[in-house]
Amino acid sequence: MAVLNLHHLRLFRAVARDGTLTGAAQALNLSQSALSTQIKSLEAMLGHALFERRGRGLVLTEAGRIALDHAESIFRTAEDLTATLRNTGTARRPLRVGALATLSRNFQMEFLIPLIGRADVELVLRSGAQSDLLRGLEALAIDIVLTNLAPARDTSSPYLVHDLSEQPVSLIGTPSPPGLASRSLVDLLGNEPLVLPTPESALRASFDALIERLGVVPKIAAEVDDMAMLRLLTRANAGLAVIPPIVVRDELNAGILVEHAQFEGISERFCAITLQRRFPNPLVAELLDTFEFDHG
């Protein structure tokens, strides 16, 4: 079995970081042809192409992304050994998690708890718009995306959608004024100010369908696309929030907020999105196997 050449790995890492042979060769003070030969030697030894050309640049293949993860781990361990002689054998496997920026932080924490604090795991957490996260997933810069907006799937879709949880939705607000719990849901929806998710959310679509059936015209105090801001507005008594209790679990436990009513037939779906990969990150399967589907 061929011995892995660390010099080849250093050159490979330089190309991966620069995205071009020309730029990496200049930084390394090598000719472009010499650098290309070294990269091809590494690819031949590993048995996989590490880059594919897109336009004038190079992007990592799936095998290239795996190789870069290991290369970074190898060099971190070498640096630790040289510096302290204490951290050998503690290489961490990275897991890159993308989460919709508006997604409940409490739900994210519940999903990630099995890996938090593990000495062999490095969590890399990113939040953003779903379109950006899915592009990161396809570019192999993200291993798994957490969202409450399941993408449309057809025969050409590259995504695998894993249902994680279906949470109930309630009408939640501060404990005052007293007497709200004794009023009907229709009364509350028609006469109390409401803090709602924005119209493009799946939860808002379900809510709008409900009030249409009930013949209610709501008094909208605020529309918010961020669950954290929705939680803060509710705490500030801006109105009654249409929200899954998991989002404000800590406030409910502390008595800062209370459930004034529950919605029948409305729920929030949480899911994870992955790609079918030849070299899947084993931490993804570990998390999905650990996190049993919860109907709330």
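Begin by selecting the open sheet of this predicted model, which has eight strands in the order E4-E3-E5-E10-E6-E9-E7-E8, with mixed pairing. Select next its two edges, strand E4 (121-128) and strand E8 (219-224). Each has a single partner strand, so one side of each is left without a neighbour in the sheet. From one strand to the next, the twist averages 25°.

Remain at the E4 edge and add strand E3 (residues 93-100). E3 and E4 run parallel and are joined by eight bridges. To see one pairing, select Arg93, whose bridge partner in E4 is Val121.

**Helices on the sheet**

Select helix H6 (residues 130-138), which lies across E3, E4, E5, strand E6 (159-173) and strand E10 (258-275). H6 runs at about 30° to E10. Then select helix H9 (residues 227-235), which also packs on the sheet. H9 touches E6, strand E7 (193-197), E8, strand E9 (240-243) and E10, and its direction makes about 150° with that of E9.

**Helix H8**

Proceed to helix H8 (residues 202-214). At 1.5 Å a residue, its 13 residues should span 18 Å, and its end C-alpha atoms are 19 Å apart, which agrees. Which residues of H8 are buried? They are Leu203, Arg204, Phe207, Leu210 and Ile211. Viewed down the axis of H8, the buried residues fall within an arc of 120°, so they line one face of the helix. An α-helix has 3.6 residues a turn, so residues three or four places apart point the same way. On the other side of H8, select Glu212 and Arg213, which are exposed. Following H8 is Gly215, whose phi is positive, near 70°.

**The loop between H6 and E5**

Select Ala141, which lies in the loop between H6 and E5. Ala141 counts as partly exposed because its relative accessibility is 26%. Beyond its neighbours within four places in sequence, Ala141 is in contact with Arg65, Arg96, Arg126 and Gly136. Select Gly98 as well: Ala141 and Gly98 are 43 residues apart in sequence, and their C-alpha atoms are 9.4 Å apart in space.

**Confidence**

Finally, colour the protein chain by pLDDT. The mean is 86, and 92% of the residues reach 70 or more. Confidence is highest in strand E5 (residues 144-147), at a mean of 96, and lowest in helix H4 (residues 62-84), at 77. Select residues 84-89, over which pLDDT stays under 50. For this stretch the model has four contacts beyond four places in sequence. Where pLDDT is low, the predicted coordinates should not be read in detail.

Key
Residues are numbered from 1 along each chain as its sequence is written. This is a predicted model: local features need pLDDT of at least 70, side-chain atom pairs count only at pLDDT 80 or more; totals for chains, interfaces and linings use all residues. Side-chain values use heavy atoms; hydrogens and water are left out. pLDDT is the predictor's confidence in each residue, from 0 to 100. Helices (H or I, at least four residues) and strands (E, at least two) are DSSP runs, numbered from the N terminus. Contact means heavy atoms within 4.5 Å. Two strands pair if DSSP finds at least two bridges between them. Axes are lines fitted to C-alpha atoms, for helices over the stretch in contact, and angles run from 0 to 180 degrees between N-to-C directions. The expected span of a helix is 1.5 Å times one less than its number of residues. Buried means under 20% relative accessible area, exposed over 50%, partly exposed in between (1.4 Å probe, protein chains only). The arc is that of the directions from the helix axis to the C-beta atoms.
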